[in-house]
Amino acid sequence: MATERTLILIKPDGVKAHHIGQIITRIEDKGYSIDGLKVTMATPELLKKHYVEKVDKPYFSEIEHYMLEGPIVAIIASGSRVIKGIHTLAGDTSPNQAAPGTIRGDFGRMFDDGILRNVIHSSDNPQNAEKEIRLWFPELIPQP
Ligand SMILES: Nc1ncnc2c1ncn2[C@@H]1O[C@@H]2COP(=O)(O)O[C@H]2[C@H]1O
């Protein structure tokens, strides 16, 4: 199996709760390499491209509100089967369904405002991984 890359975002709730170090440790402990890492802020334009399959969902405005709440840590990780591997480490989408031992199960919290905050994003297939890496790390694209 060839080495894959994936895009991981530690979302504003994960950054605010000081889980950056523990999440990176879990990624590295699993044997994946960190090939890119930065603290950044989303923009509405970037989110519309990143969540292009979600822009028509009724909850898209909640995603936008959430993802603009504060800094995000963007990570490129690589390794054998890293896309599936990070999904497994992340756990189920909702923090109250994610299993203990997963990032969302351990660090995810339910919030009184009803917005689904789930600590981390990771790409779901190789095509989206490359698209998302280009969106969050445009400086890595070779200039003509
Ligand atoms: N029912 C939902 N309500 C609100 N947000 C959702 C719902 N389902 C999925 N999402 C969000 O959509 C996102 C899709 O990719 P993420 O892994 O970043 O995390 C997901 C959640 O943040």
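**Exercise 1.** Describe the span of residues 3-144 by the distance between its end C-alpha atoms and by its helix and strand content.

*Solution.* The C-alpha atoms at the two ends of residues 3-144 lie 26 Å apart, and the span is 39% helix and 20% strand, where helices (H or I, at least four residues) and strands (E, at least two) are DSSP runs. This is a predicted model, in which local features need pLDDT of at least 70 and side-chain atom pairs count only at pLDDT 80 or more, while totals for chains, interfaces and linings use all residues. Residues are numbered from 1 along each chain as its sequence is written, and side-chain values use heavy atoms, with hydrogens and water left out.

**Exercise 2.** State which residues surround the ligand, and divide this shell by residue class.

*Solution.* Taking residues with a heavy atom within 4 Å of the ligand, one finds K11, Y51, K54, Y59, I63, R104, L116, N118 and H121. These divide into four nonpolar, two polar and three charged residues, with Tyr, Ile and Leu among those counted as nonpolar, and Lys and Arg among those counted as charged.

**Exercise 3.** Find the side-chain distances from Y51, H121 and N118 to oxygen atoms of the ligand.

*Solution.* With polar contacts defined as pairs of N or O atoms within 3.5 Å, a polar side-chain atom of Y51 lies 2.6 Å from a ligand oxygen, one of H121 lies 2.9 Å from a ligand oxygen, and a side-chain N or O atom of N118 is 3.3 Å from a ligand oxygen.

Methods
A polar contact is a pair of N or O atoms within 3.5 Å; within protein, one must be able to donate a hydrogen and the other to accept it, and residues adjacent in sequence count only if both atoms are side-chain atoms.
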